[in-house]
Amino acid sequence: MKLLSGAFGSWRPRAVLSPRIETSRLVLRPLEPADADAVAVYLDDIEVARWLVRVPHPFTTEDATDFIAQCCTTASLGTATTLGIVIRGHDRAIVRGIVALHSLDTRPEIGFWLGRPFWGHGLMSEAVDATLTWAYANLDVDAITAGAFQGNIASLAIQARQGFEVIGMSRRPSLIEERLLDHVDTRLTRARHAARPWRP
Ligand SMILES: CC(C)(COP(=O)(O)OP(=O)(O)OC[C@H]1O[C@@H](n2cnc3c(N)ncnc32)[C@H](O)[C@@H]1OP(=O)(O)O)[C@@H](O)C(=O)NCCC(=O)NCCS
């Protein structure tokens, strides 16, 4: 089922974007108000937050509650879907990170972060791959953009493995640095996604 029609053009707010996506190690599901404590724990980490555009530091449970409320609103408008990443096999279904598709009515973009204790095991590669596959199967989008502040080697490595191409450089605000930083802009077209020669 296509949820959006004509990204960059004839978009209509038609459906709540609330998928549940399962992979071998992960469950991706919409954020809930009860996730605020977990989101705050992992996002109140300067090593995570400094790579993100709109995240203040420190980041409190109240900030997380506001963020989750905004995510519910944008999902109900059909302009974004923000999924909490739950790692299977842990004792409780706690959110350890987020993968989000936003600006679906204008210029679809994917963003992501993972709590630092869980880095380095290919988990975000798995989450991003599953989210892109879901997006191209369910959303009528021609391309998804991404990118990273210059120097974010891990994020750009994940994007490159998915087939994202560098399309330019821009300057984006960093709330933490309180200035504009160099940003590598990337894009994955539907055709390149379909032509990926590998599966992670
Ligand atoms: C970016 C982030 C999500 C990566 O999560 P992760 O689960 O550790 O990522 P993965 O293990 O799936 O993949 C990381 C990739 O980066 C590579 N990488 C990581 N650090 C690297 C480094 N210093 N030099 C070279 N490659 C590096 C890994 O080898 C891997 O690539 P590969 O699969 O081709 O080997 C995590 O570090 C994070 O949340 N960072 C802070 C927030 C952020 O940067 N978000 C993205 C904003 S654009």
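Reader: How many salt bridges does the count come to?
Author: Side chains of opposite charge can pair when their charged atoms come close. A salt bridge here is a side-chain nitrogen of Lys or Arg within 4 Å of a carboxyl oxygen of Asp or Glu. This is a predicted model, in which local features need pLDDT of at least 70, side-chain atom pairs count only at pLDDT 80 or more, and totals for chains, interfaces and linings use all residues. By this rule the count of salt bridges is 11.

Reader: Which residue meets arginine 25 in a salt bridge, and is that residue, glutamate 126, buried or exposed?
Author: Residues are numbered from 1 along each chain as its sequence is written, and side-chain values use heavy atoms, with hydrogens and water left out. Arginine 25 meets glutamate 126 at 2.8 Å, N to O; arginine 25 is in the loop between strand E1 (21-22) and strand E2 (26-30), and glutamate 126 is in helix H4 (residues 123-138), 101 residues apart. Helices (H or I, at least four residues) and strands (E, at least two) are DSSP runs, numbered from the N terminus. With a relative accessible area of 15%, where buried means under 20%, exposed over 50% and partly exposed in between (1.4 Å probe, protein chains only), glutamate 126 is buried.

Reader: Which residue forms a salt bridge with arginine 116?
Author: The closest N and O atoms of this pair, arginine 116 and aspartate 45, are 2.9 Å apart. Arginine 116 lies in the loop between strand E5 (109-114) and H4, and its partner in the loop between helix H1 (36-43) and helix H2 (46-49), so the pair ties together parts 71 residues apart in sequence. The partner is aspartate 45.
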